[in-house]
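Work through these exercises with the structure open beside you. Try each task before you read its solution.

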Amino acid sequence: MKRKVIQPKSHHRWKTKLFSVFLLSFCFGSLVLVQTQCYDRIKMLTLLPPPSVQRPKIAFLFIARNRLPLDMVWDAFFKGEKEKKFSVFVHSRPGFLLNKATTRSAYFLDRQLNDSIQVDWGEASMIQAEHILLKHALMDPSNERFVFLSDSCLPLYNFSYTYDYIMSTSTSFVDSFADTKEGRYNPKMHPVIPVHNWRKGSQRRSLPEFWRDHPLPADASKEHNCIPDEHYVQTLLAQGGHEGEITRRSLTHSSWDISSSKDRERRGWHPVTYKYSDATPMLIQSIKEIDNIYYETEYRREWCSSKGKPAPCFLFARKFTRPAGLRLLNMSVLGVR
């Protein structure tokens, strides 16, 4: 019969202590390693630049026949903005390209739409062109305001002032008033469009003007004399009951008081075109000083304001020729630089 060997208890306790020390050392080492890695990650994150917050943008929607004659005026305007709080879209005739041969401004390079259409003065194709511009602008969720401009419009103030003015209100600026002139409303539209919802806007959201370079007589063959793009949006908003959500005035100035003009080109249905000799500091100052607009058909006077305080009515003006625009730019009276 073999004798059973019993190991000393002290030897068993020594092995237990050794294992405990090893386990504690492993846990402590792992903790130090994790803390070091976390510290390194935190340090790395603090060294990274803060994430950029995309500011809401204004989409400037230009409708032009070909090139933009006032591109360098707008170039100076956009150069004042360093945070890219704007986007540019240009609807020109099909096939026209904005490249280095047709514009000197980098802000307009390749900004033409590839699905533009031929637009004719006084026709509904103008409305379709605006739809195309809006479709492209809405693809960028950062675009929160949309300004329609013609190729003869120029800015009156710098970008910062313009941006704050437009973004400070939740409403849109749409020139809109009751159109009571005989012959414009077609009774056949009733009851779909009742006469009390019939609206007009002489310069709707910076109404493009290149179709009006040559005065045209009224077409006597047409039963009702109205221009579709001057009624469409205004009447649509009235029909939908949305007039309370807009400011019913334009941000673009144009001069229609031309009855005393001796220049035949300045008489008719069209606003005056400012030429080189007209482009003076006094002209710009007189536009900037306008603080109210009166609508005769509604006996309504719109007092202009921004951020709850009295403000100039207009941020843009038309119609200016290229020589006139460049003269104002060189004289530094537009405030765009």
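The exercises below go from the overall fold to single residues, and they rest on a predicted model.

**Exercise 1. Overall make-up**

Task: State how many helices and strands the protein has, and what share of its residues is buried.

Solution:
- Step 1. Take the secondary structure: 7 helices and 14 strands.
- Step 2. Take the burial: 46% of the 337 residues count as buried.
- Step 3. Add the contacts. Among those between residues at least 6 apart in sequence, 76% join residues at least 24 apart.

**Exercise 2. The nonpolar cores**

Task: Find the residues with the most contacts inside the largest nonpolar core.

Solution:
- Step 1. Recall the general trend: in soluble globular proteins, nonpolar side chains tend to be buried together.
- Step 2. Outline the largest core. It has 53 residues, and Phe-60, Phe-62, Trp-74, Phe-78, Phe-108, Leu-154 and Phe-320 have the most contacts inside it.
- Step 3. Zoom in on Phe-108. Beyond four places in sequence, its contacts include Phe-62, Leu-68, Trp-74, Phe-78, Val-88 and Val-90. Asp-71 and Thr-103 are also among the residues that Phe-108 touches.
- Step 4. Look for a second, separate core. It has 13 residues, among them Leu-61, Leu-133, Ala-137 and Phe-148.

**Exercise 3. Aromatic pairs**

Task: Classify the ring pair of Phe-60 and Phe-159 and say which elements it ties together.

Solution:
- Step 1. Note the two values needed: a pair of aromatic rings is described by the distance of the centres and the angle of the planes.
- Step 2. Count the pairs. The structure holds 23 of them.
- Step 3. Read off the values for Phe-60 and Phe-159: 6.4 Å centre to centre and 50° between the planes. Planes under 30 degrees apart would be stacked and over 60 edge-to-face, so this angle counts as tilted.
- Step 4. Locate the rings. Phe-60 lies in strand β1 (residues 57-63) and Phe-159 in helix α4 (residues 159-167), so the pair ties together parts 99 residues apart in sequence.
- Step 5. Check burial. Phe-60 and Phe-159 are both buried.
- Step 6. Repeat for Tyr-165 and Phe-173. Their centres are 6.2 Å apart and their planes at 45°, so this pair is tilted. Tyr-165 is buried, as is Phe-173.
- Step 7. Widen the view. Phe-60 and Phe-159 belong to one aromatic cluster that also includes Phe-62, Trp-74, Phe-108 and Phe-316.

**Exercise 4. Strand pairing**

Task: Compare how β1 pairs with β3 and how β10 pairs with β11.

Solution:
- Step 1. Start with β1 and β3. They run parallel and are joined by 7 bridges. Phe-62 stands opposite Leu-149 in β3.
- Step 2. Check the cover on β3 (residues 143-150): 6 of its 8 residues are buried.
- Step 3. Turn to β10 (residues 292-295). It pairs with β11 in the antiparallel sense over 4 bridges. Asn-292 stands opposite Trp-303 in β11.
- Step 4. Inspect the connection. This hairpin has 4 residues between the strands, and Tyr-299 takes a positive phi near 50°.
- Step 5. Follow the side chains along β11 (residues 300-303). Arg-300 and Glu-302 point to one face and are buried, while Arg-301 and Trp-303 point to the other and are not.

**Exercise 5. A loop glutamate**

Task: Place Glu-243 and find the side chain joined to it by a polar contact of 2.8 Å.

Solution:
- Step 1. Glu-243 sits in the loop between α5 (232-239) and β8 (246-247).
- Step 2. Leaving aside neighbours within four places, Glu-243 contacts Ser-176, Arg-199, Leu-237, Ala-238 and Arg-248.
- Step 3. Arg-199 is the partner: its side chain makes the 2.8 Å polar contact with that of Glu-243.

**Exercise 6. Backbone exceptions**

Task: Where are the cis peptide bonds at Pro-191 and Lys-319, and is Asp-110 buried or exposed?

Solution:
- Step 1. His-190 and Pro-191 share a cis bond with omega about 5°. Pro-191 lies in the loop between β6 (177-178) and β7 (199-200).
- Step 2. Arg-318 and Lys-319 are joined by a cis bond with omega about -10°. Lys-319 is in the loop between β14 and α7 (322-330).
- Step 3. Asp-110 is not a glycine, yet its phi is positive, about 60°. Its relative accessible area is 56%; the cut-off is over 50%, so Asp-110 is exposed.

Notes: Residues numbered from 1 in each chain as written. Predicted model: local features only at pLDDT ≥ 70, side-chain atom pairs only at ≥ 80, totals over all residues. Heavy atoms only, no water. Core = buried A, V, L, I, M, F, W, Y, C linked by side-chain atoms within 4.5 Å. Buried < 20%, exposed > 50% of the residue type's maximum accessible area, 1.4 Å probe, protein only. Contact = heavy atoms within 4.5 Å. Helix = DSSP H or I, 4+ residues; strand = E, 2+ residues; numbered from the N terminus. Pairing = 2+ DSSP bridges. Phe/Tyr/Trp six-rings, centres within 6.5 Å; stacked < 30°, edge-to-face > 60°. Polar contact = N/O pair within 3.5 Å; in protein donor to acceptor, adjacent residues only side chain to side chain.
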